[in-house]
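Trainee: I have a model open and want to learn how to read its pockets and strands. Where do we begin?

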Amino acid sequence: MKVVKVLVYALLALVVALLAAAQMGMLTGRQPADLGVKQGRLKAPSNTPNSVSSQADLYPDHPQRAEAMIEALPLKHGDASASVQALVTALSSLQGVSIIEQRHDYVHAEAQTPWLKFVDDMEFWVNPERQVIEVRSASRMGRKDFGVNRLRIEALRRTYLADSAAS
């Protein structure tokens, strides 16, 4: 019984320490310096299973290529400007998401989890060749995201497309 009590206290102390570290910003990670579009590509998917990318196929030898692949967003009526605006509106509707950079063809947003304050970077680029919005979302910290980036992008897609039906 005494061992169980000690384990419970140790676990409780660990949870409190983790929450304190999160509130002090120690779990947010640093923004990668290599975000953005370079030679028609967003950054490659992460080497660990914690990202998604509509351009994963551009990296055929990448260890997470198949797991990271996600569909790009369609343009609204073929209009890049309207599509970026609709994307920003959809992003703004998601809890914990902040727009960091917005240009006519590129958006960088951060999504922060409420309790532990983990940050994921989301990038969107209007690809003029494919006439789509390329997507990349990746966790800054940790090896696995348990599908969080994929779920967030798919929730964003539903909002973006639903807004599309209204326009």
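Mentor: Remember that this is a predicted model. Begin with empty space. Rolling a probe the size of a water molecule over the atoms shows where such space is left. Here the second largest pocket holds about 180 Å³.

Trainee: Which elements give two or more residues to the lining of the second largest pocket?

Mentor: Strand 4 (106-112) and helix 4 (148-166) do. Helix 4 gives the most, with three residues. The full lining includes Val-148, Arg-152 and Ala-155. Gln-112, Thr-113 and Pro-114 are also among the lining residues.

Trainee: How does the lining of that pocket divide by class?

Mentor: Six residues are nonpolar, three are polar and one is charged.

Trainee: Now strands. How do I read the side chains?

Mentor: In a regular strand the side chains alternate between the two faces of the sheet. Take strand 6. Val-132, Glu-134, Arg-136 and Ala-138 point one way. Ile-133, Val-135, Ser-137 and Ser-139 point the other way.

Trainee: Are the residues of strand 6 buried or exposed?

Mentor: Eight of the eight are buried, so strand 6 is largely enclosed by the rest of the structure.

Trainee: Which strands pair with it?

Mentor: Strand 5 (residues 119-127) pairs with strand 6 in the antiparallel sense over eight bridges. One bridge partners Glu-123 with Arg-136. Strand 1 (residues 51-53) runs antiparallel to strand 6, joined by three bridges; there Ser-51 stands opposite Ala-138. Strand 2 (residues 73-74) is also antiparallel to strand 6, with two bridges, and Leu-73 stands opposite Ile-133.

Trainee: What lies between strand 5 and strand 6?

Mentor: Four residues, in a hairpin. Gln-131 in the turn has a positive phi of about 55°.

How values were computed. Residues numbered from 1 in each chain as written. Predicted model: local features only at pLDDT ≥ 70, side-chain atom pairs only at ≥ 80, totals over all residues. Heavy atoms only, no water. 1 Å grid on protein atoms, 1.4 Å probe; cavity = no way out; pocket = protein on both sides within 12 Å on 5 of 7 lines; lining within 4 Å. Points joined across faces, edges and corners; volume = space filled by probe spheres on them. Nonpolar A, V, L, I, M, F, W, Y, C, P; charged D, E, K, R; others polar. Buried < 20%, exposed > 50% of the residue type's maximum accessible area, 1.4 Å probe, protein only. Pairing = 2+ DSSP bridges.
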